[in-house]
Amino acid sequence: MDYTWEEIDQMADILEAEIAGGRFDPPAARNLALRVAELCPDIRASMNLIAVRMMEHVESTK
């Protein structure tokens, strides 16, 4: 696997911010989720679901 714990930690921070109703960058979250999905096949399905949710969040704010 080519991912770093830093990427996993960033994703966790974004998800925690989302849960808490805090501010986060949905496009950046989507890109990170897609990157982690590519690098870590074990959690690919979950990361793809997060990427879809982030895209829906972006679309709903237009």
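This briefing covers the salt bridges of the structure and the geometry and burial of helix H1. The model is predicted. It holds two salt bridges. One pairs glutamate 7 with arginine 35, and the other pairs glutamate 18 with arginine 53.

**Salt bridge between glutamate 7 and arginine 35**
- The closest N and O atoms of glutamate 7 and arginine 35 are 2.9 Å apart.
- This pair links distant parts of the chain, with glutamate 7 in helix H1 (residues 5-20) and arginine 35 in helix H2 (residues 26-39), 28 residues apart.
- Glutamate 7 has a relative accessibility of 11% and therefore counts as buried, the cut-off being under 20%.
- Arginine 35 is partly exposed, at 39% relative accessible area.

**Salt bridge between glutamate 18 and arginine 53**
- The N to O distance between the side chains of glutamate 18 and arginine 53 is 2.8 Å.
- Because glutamate 18 lies in helix H1 and arginine 53 in helix H3 (residues 44-60), the pair ties together parts that are 35 residues apart in sequence.
- Glutamate 18 is partly exposed, with a relative accessible area of 25%.
- Arginine 53 is also partly exposed, with a value of 33%.

**Helix H1**
- The 16 residues of H1 should span 22 Å at 1.5 Å a residue, and this agrees with the 22 Å between its end C-alpha atoms.
- Glu7, Met11, Ile14 and Ala17 are the buried residues of H1.
- These buried residues cover an arc of only 125 degrees around the axis, so they lie on the same side of H1.
- The cover over the buried residues of H1 includes H2 and H3.
- Trp5, Glu16, Ile19 and Ala20 are exposed residues on the face of H1 turned away from its buried side.
- Glycine 21, just after H1, takes a positive phi of about 80 degrees.

Terms used
Residues are numbered from 1 along each chain as its sequence is written. This is a predicted model: local features need pLDDT of at least 70, side-chain atom pairs count only at pLDDT 80 or more; totals for chains, interfaces and linings use all residues. Side-chain values use heavy atoms; hydrogens and water are left out. A salt bridge is a side-chain nitrogen of Lys or Arg within 4 Å of a carboxyl oxygen of Asp or Glu. Helices (H or I, at least four residues) and strands (E, at least two) are DSSP runs, numbered from the N terminus. Buried means under 20% relative accessible area, exposed over 50%, partly exposed in between (1.4 Å probe, protein chains only). The expected span of a helix is 1.5 Å times one less than its number of residues. The arc is that of the directions from the helix axis to the C-beta atoms. Contact means heavy atoms within 4.5 Å.
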